[in-house]
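Visitor: Could you take me through one spot in this model in detail, a helix residue and what its side chain reaches? After that, I'd like to hear how the rest of the chain frames it.

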Amino acid sequence: MAQSIYFTTPIYYVNAEPHIGHLYTTALADTLKRFHRLMGDECRFLTGTDEHGEKIAQSAAQAQVSPQAFVDNISGVFRDTWQQIHIDCDDFIRTTEPRHVRYVQRILQQVHDAGDIYFDEYTGKYCVGCERYLTDSELVDGRCPDHQTVPNEVKEANYFFRMGRFQERLIAHIEAHPDWIRPARYRNEVLSFLRVPLEDLCISRPKSRLTWGIELPFDDAYVTYVWFDALLNYISALVSPPEGRDISERWWPVCHHLIAKDILKTHAVYWPTMLMAANLPLPAHIDVHGYWLSGESKMSKSLGNVVRPLTFDAHFGIENLRYFFFREMKFGTDAGFTYELFIERYNADLANGLGNLLSRTAGIAHRSFGALPPKGTATETSENIADQAAALTAGYRDAFEGRAFHQAIEDMRHLLAATDRYINEMKPWALAKDPERRDDMAQVLYTGLEVVRILAILLAPIMPRKCADILAYLGETRPLDGAVPFAELVAFGQLSSGAPIDKAPQFFPRIDAQKWAQEFAQQTADTADASDTSAQDKSALATAPEVPRVMAPPKPEITIDDFAKVDLRVGMVVSGHEVPGADKLVRLMVDIGEAQPRQVFAGIKSHYPDPAQWVGKRLILVANLKPRQMKFGLSEGMILAGSSVDKQRLVVASFDGELCGGDGVR
Ligand code: MSP
């Protein structure tokens with residue numbers, strides 16, 4: 001029977017741009033949606049951005065822009081990033097949208113009316129990074145273990161939610177639904193946390209301290225605090241979806257939350273008790289994954305060790321990273337990301353594995369038959385391979401539903417290895433020379449290509465575009481959306497023998513590990529003492545060796561008054577965009593303190609492929625240059641840049657220190 005499932009990712013804080021940690025959960029939801037579609041199920045997928053609270057207000061202040069301008073910009077970067085890498089979400093919610101604000105106020109009023117919100121004085125230790133009070137038992141050496149900061153002592157009168165009242169009901173629910181929180185270790189963690197009495201939850205901030213939030217409907221001197229606001233996004237998006245009509249009854253009860261372990265307590269304790277107080281059903285599942293680590297620590301903006309999705313995509317292709325994600329992380333536990341490990345896995349599994357199996361079999365088939373080969377007569381080994389493929393496809397649904405992606409991929413690699421062995425034994429390249437062994441050759445090639453066809457279907461939820469290309473090349477054009485039953489699609493023996501094939505394109509070209517190792521070593525040296533730790537996004541920094549330079553003769557002399565005519569300003573980039581149809585240009589919105597940011601088209605694309613990398617950076621803008629109408633829009637200034645020492649690259653001019661945005665440059 002077809003199921004309906006509603007997948008949600010956390011809504012991400014907009015104090016920083018997306019990194020591949022955020023991408024993992026988002027790609028997980030995307031993959032699960034595609035997987036269920038393949039199974040004939042119906043899915044909805046929500047992601048979005050969490051835009052209120054102290055942390056965001058602080059970041060906006062630091063960037064010297066209003067909180068609204070700040071969140072508009074970074075939320076846009078999240079949305080654009082997901083769009084550019086083809087994340088197939090059905091809705092993208094922002095907590096500053098009226099549809100969300102309305103719903104939060106409605107629920108607050110309802111819970112207040114029911115007597116579950118009260119006013120009191122409180123003293124506690126607040127971690128701005130987590131945007132919540134931490135208990136003494138959560139602190140390690142007096143610090144937040146996730147952010148490694150000492151929380152602030154806060155004493156103030158606030159509104160509280162009677163969370164403790166729902167503790168027994170919550171425990172009963174978790175015990176009655178053993179797979180409600182998955183994997184089990186996180187369920188046990190929550191149960192052990194619930195062994196001690198639950199404290200009530202502070203849900204407000206006085207406006208005197210924080211205005212950047214949703215006003216309480218019953219006290220306009222207060223705003224609600226982030227979690228009571230943020231968690232409700234999962235339903236507010238359904239109550240007022242882009243389609244119009246309230247669809248919460250259909251989708252809310254079948255909700256699967258996808259989160260990392262950092263927000264387990266808020267999702268498995270705060271949220272269900274809030275729902276109980278509001279008389280709403282609980283979500284169907286909470287799936288909890290571990291952290292992507294960079295070295296020893298969690299990849300995070302505050303620790304400065306992040307990799308940006310678009311930068312990665314420009315160098316290595318995002319779908320290859322998605323493959324790495326699912327192959328490398330055992331769901332629920334932590335996993336390490338390094339470029340070196342990624343390259344190693346990619347070369348082993350995709351370039352030498354799947355890609356090589358395809359190119360070696362398709363190459364001979366193309367030369368010998370000009371078409372997909374006939375089936376030939378099965379051998380014992382080829383039948384074993386077909387059986388192994390059948391076992392793999394039979395276990396695939398359970399593996400994905402049980403979130404055992406890495407296991408499913410390991411089984412796929414075994415099938416691939418068995419097929420490779422078979423090809424090595426049979427040597428179809430030698431058989432091709434013997435007219436009497438044409439049937440044997442056809443049979444081996446058919447087996448190899450059929451395995452590729454099946455694997456491309458199984459991997460399609462993870463690498464949708466790449467697999468679609470492989471399948472199209474193999475003449476498999478049936479839709480992967482449930483229209484054809486899954487079992488029928490993956491039954492062994494459906495490769496369309498006789499269909500013409502071209503020479504196989506290189507679907508997974510080898511990555512030169514040595515070349516990249518040198519590049520990384522060079523960049524690590526260059527960034528060792530860089531103050532901007534985000535510079536550890538290594539691949540963004542292609543550095544060039546020092547070479548002697550030849551200086552062009554100076555232009556005719558000018559006076560200081562001539563120079564003073566050029567109005568150079570410090571501008572902060574508030575957003576960076578691709579320019580569709582332009583190879584060299586990026587579009588930057590640069591704030592120099594005027595009412596609106598300036599739009600500038602800069603010819604830096606080939607040197608800085610990710611326009612979003614400029615967001616938050618300060619550049620030098622020629623502010624009084626006559627605006628230029630370009631094919632893509634009006635360019636209202638020019639940013640300063642020069643050539644690198646080897647003249648191979650353009651380097652955008654910046655300052656050796658923080659400057660005041662909008663000020664003139666001398
Ligand atoms: N805004 C809250 C969530 C509110 S949901 C109602 C928040 N935002 S966040 O930007 O910090 O995102 C946290 C989530 O991002 C994690 O739960 C996980 O989904 C993802 N990740 C961020 N860094 C990650 C890793 N290094 N590794 C794995 N997941 C990562 O918390």
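Guide: Here is a close look at one glutamate, followed by some other local features and the overall picture.

First, the ground rules. This is a predicted model, so local features need pLDDT of at least 70 and side-chain atom pairs count only at pLDDT 80 or more, while totals for chains, interfaces and linings use all residues. Residues are numbered from 1 along each chain as its sequence is written, and side-chain values use heavy atoms, leaving out hydrogens and water.

The spot to zoom in on is Glu450, which sits in helix H17, residues 438–459. Helices here are DSSP runs of H or I with at least four residues, strands are runs of E with at least two, and both are numbered from the N terminus. Glu450 counts as buried because its relative accessible area is 0%; buried means under 20%, exposed over 50%, and partly exposed in between, with a 1.4 Å probe and protein chains only.

What does Glu450 touch? Leaving aside residues up to four places away in sequence, Glu450 touches Ala491, Phe492, Gly493, Gln494 and Leu495, where a contact means heavy atoms within 4.5 Å. Val490 lies 40 residues from Glu450 in sequence, with 9.4 Å between their C-alpha atoms. Two polar contacts stand out for the side chain of Glu450: one goes to the backbone nitrogen of Gly493 at 2.6 Å, and another goes to the backbone nitrogen of Leu495 at 3.4 Å. A polar contact is a pair of N or O atoms within 3.5 Å; within protein, one must be able to donate a hydrogen and the other to accept it, and residues adjacent in sequence count only if both atoms are side-chain atoms.

Now for another helix residue. Asn73 belongs to helix H3, residues 67–84, and at 12% relative accessibility it is buried too. Asn73 touches Val574, Ser575 and Val615, again not counting residues up to four places away in sequence.

Helix H12, residues 318–328, has 11 of its 11 residues buried, so it is largely enclosed by the rest of the structure. Charged residues appear in that buried set, including Glu319, Arg322, Arg327 and Glu328. In helix H11, residues 309–316, the buried residues are Pro309, Leu310, Thr311, Phe312 and Phe316. After H11 comes Gly317, with a positive phi near 90°.

The backbone has some details worth a look as well. Most residues other than glycine have a negative phi, and most peptide bonds are trans. Gln148 is not a glycine, yet its phi is positive at about 55°; Gln148 is partly exposed, with a relative accessible area of 47%. Asn279, also not a glycine, has a positive phi of about 60° and is exposed at 68% relative accessibility. Arg182 and Pro183 are joined by a cis peptide bond, omega about -15°, with Pro183 in the loop between strand S7 and helix H6.

Zooming out, the chain has 21 helices and 25 strands, and 53% of its 666 residues count as buried. Among contacts between residues at least 6 apart in sequence, 74% join residues at least 24 apart. The C-alpha atoms fill a box of roughly 90 × 85 × 50 Å along the principal axes.
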